[in-house]
Amino acid sequence: MSYTLLVVLAIPLVVVVDLFVLRTRLLTRRLFWVTYAIVVVFQLASNAALTGPGIVRYRGDVIVGTGSWEGEEVPFLGGGRVFFAPIEDLGFGFAMVLLTLVLWVAWGRAGVDREPRSGPPRLRLNARRREQPSGERD
Amino acid sequence: MPGGQGAYLLVLGLCLLGAGWLEYAFRTRVLRRWRRLLLTIGPIVAIFGAWDLYAIAADHWRFDPLSVTGITVGAGLPLEELLFFIIVPICVILAFEAVRADNGWAAGDEAEPAALAAGDETESENPG
């Protein structure tokens with residue numbers, strides 16, 4: 001059981017939970033993808049901070065990239081590494097982010113702490129912002 | 001290594017700082033909805049904590065002893081990893097609610113329009 005294999009299994013599993021089990025369908029929503037785009041930037045930065053200096057180390061034969069078990073230097077980009085981190089970490093992160101938001105939305109939909117809703121922002125970034133939730137499904 | 005044995009904790013602290021301000025700036029009200037937060041974080045800690053324990057036991061990954069506290073919880077989960085599975089979901093939910101507050105996009109957890117339209121008198125207002 002390599003890390004790679006576990007990630008390859010985990011992602012479709014969480015996708016099935018989102019689309020068919022809990023049916024939160026976040027993967028079809030713009031809100032999810034915009035959030036993920038922001039999160040992935042911070043994930044790459046924090047993951048680089050942990051894997052670049054070798055705070056977290058990986059065994060070479062369980063990932064597609066080069067190992068760092070003894071704290072060896074790893075490539076920033078290339079050789080199965082993205083910003084120093086194993087590419088598998090991107091998959092692990094995606095599964096974790098998606099499942100987190102699926103659970104958050106599912107609990108709210110079930111009536112747990114649906115209120116108080118977020119907003120209105122104190123910081124105005126979006127001039128196009130509507131005052132009411134649009135209810136649009138994108 | 002900046003932070004010495006607190007290096008990993010330092011990274012987590014920076015993540016929290018990086019997202020914590022959203023609670024105020026966007027009125028995300030995530031911490032106020034702590035029940036929902038706990039019910040979300042609980043399964044994440046259980047599932048990904050279990051994966052982590054397996055990966056550590058199977059030598060998928062390990063931690064530089066000079067950069068972590070060495071404190072473990074439960075069946076040998078490093079404290080830093082436990083905090084990771086708590087802090088990262090909080091940051092993700094803060095980002096999600098901030099984007100939602102800023103754009104008004106739907107998530108699917110809004111009150112059912114059918115229930116509202118039917119004017120169901122037995123339907124009570126959402127409690128607290």
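Start by selecting A:Y3 and everything it touches: beyond residues up to four places away in sequence, that is A:Y58, A:V62, A:I63, A:E88, A:D89 and A:F92 in its own chain, plus B:W51, B:H60 and B:W61 from chain B. Keep in mind that this is a predicted model.

**Stop 1: A:Y3 and its surroundings**

With A:Y3 still selected, colour by secondary structure: A:Y3 belongs to helix α1 of chain A. Is A:Y3 buried or exposed? A:Y3 has a relative accessible area of 1%, and under 20% counts as buried, so A:Y3 is buried. Now put a distance label between the C-alpha atoms of A:Y3 and A:Y58. The label should read 9.4 Å, for a pair 55 residues apart in sequence.

**Stop 2: the core around it**

Zoom out and show the largest nonpolar core, a set of 63 residues. Which residues have the most contacts inside this core? They are A:Y3, A:F32, A:F92, B:F48, B:W51 and B:W61. So you can leave A:Y3 on screen and add the other five as sticks.

Then colour the core by the element each residue comes from. In chain A, α1 (3-21), α2 (30-51), β1 (56-58) and α3 (87-109) each supply at least two residues. In chain B, α1 (7-25), α2 (34-57), β1 (61-63) and α3 (79-103) each do so too.

**Stop 3: α1 against α3 in chain A**

Hide chain B for a moment and show α1(A) with α3(A). Their axes come within 9 Å and cross at roughly 25 degrees. An angle under 35 degrees counts as roughly parallel, which means α1(A) is roughly parallel to α3(A). The crossing of these two helices is left-handed.

For the side chains, select A:Y3, A:T4, A:V7, A:I11, A:V14, A:V15, A:V17 and A:D18 on α1(A). Opposite them on α3(A) are A:E88, A:D89, A:G91, A:F92, A:F94, A:A95, A:L98, A:L99 and A:V102. Colour this contact by class and you get 12 nonpolar, two polar and three charged residues.

**Stop 4: A:V102**

Stay on helix α3 of chain A and centre on A:V102. A:V102 has 0% relative accessibility, so it counts as buried. Leaving aside neighbours within four places in sequence, A:V102 is in contact with A:V17, A:D18, A:L22, A:T24 and A:L26. Try another C-alpha label here, from A:V102 to A:R25: these two are 77 residues apart along the chain, yet separated by 8.1 Å.

**Stop 5: α2(A) across to α3(B)**

Bring chain B back and show α2(A) with α3(B). At what angle do these two helices pack? The angle is about 130 degrees, and the axes are 9 Å apart. That value makes α2(A) oblique to α3(B). The crossing of α2(A) and α3(B) is right-handed.

To see who makes the contact, pick A:L31, A:F32, A:V34, A:T35, A:I38 and A:V39 on α2(A). From α3(B), add B:V92, B:A95, B:F96, B:V99 and B:R100. By class, the contact has nine nonpolar residues, one polar and one charged. You have met A:F32 before, among the residues with the most contacts inside the core.

**Stop 6: B:R33 and the end of chain A**

Next, select B:R33, in the loop between α1 and α2 of chain B. Where does this arginine's side of the accessibility scale fall, buried or exposed? B:R33 counts as buried because its relative accessibility is 1%. Among its contacts outside four places in sequence are A:W104, A:D113, A:R114, A:E115, A:P116, A:R117 and A:S118 from chain A. From its own chain, B:R33 is in contact with B:T28 and B:E97.

Follow chain A from there and check the backbone. Most peptide bonds are trans. The bond from A:E115 to A:P116 is cis, with omega near -5 degrees, and the one from A:G119 to A:P120 is cis as well, with omega near -10 degrees. A:P116 is in the segment after α3 of chain A, and so is A:P120.

**Stop 7: two positive phi values**

Finish with a torsion check. Most residues other than glycine have a negative phi. A:R23 has a positive phi of about 55 degrees, and phi of B:R29 is near 55 degrees. A:R23 lies in the loop between α1 and α2 of chain A, while B:R29 lies in the loop between α1 and α2 of chain B. With a relative accessible area of 58%, A:R23 is exposed.

Methods: Residues are numbered from 1 along each chain as its sequence is written. Chains are lettered from A and ligands numbered from 1 in the order in which they are written. This is a predicted model: local features need pLDDT of at least 70, side-chain atom pairs count only at pLDDT 80 or more; totals for chains, interfaces and linings use all residues. Side-chain values use heavy atoms; hydrogens and water are left out. A nonpolar core is a set of buried Ala, Val, Leu, Ile, Met, Phe, Trp, Tyr and Cys residues joined through side-chain atoms within 4.5 Å. Buried means under 20% relative accessible area, exposed over 50%, partly exposed in between (1.4 Å probe, protein chains only). Helices (H or I, at least four residues) and strands (E, at least two) are DSSP runs, numbered from the N terminus. Axes are lines fitted to C-alpha atoms, for helices over the stretch in contact, and angles run from 0 to 180 degrees between N-to-C directions. Angles under 35 degrees count as roughly parallel, over 145 as roughly antiparallel, 65 to 115 as roughly perpendicular and the rest as oblique. A crossing is left-handed if the near helix is turned anticlockwise from the far one by less than a right angle, and right-handed if clockwise. Contact means heavy atoms within 4.5 Å. Ala, Val, Leu, Ile, Met, Phe, Trp, Tyr, Cys and Pro count as nonpolar, Asp, Glu, Lys and Arg as charged, and the others, Gly among them, as polar.
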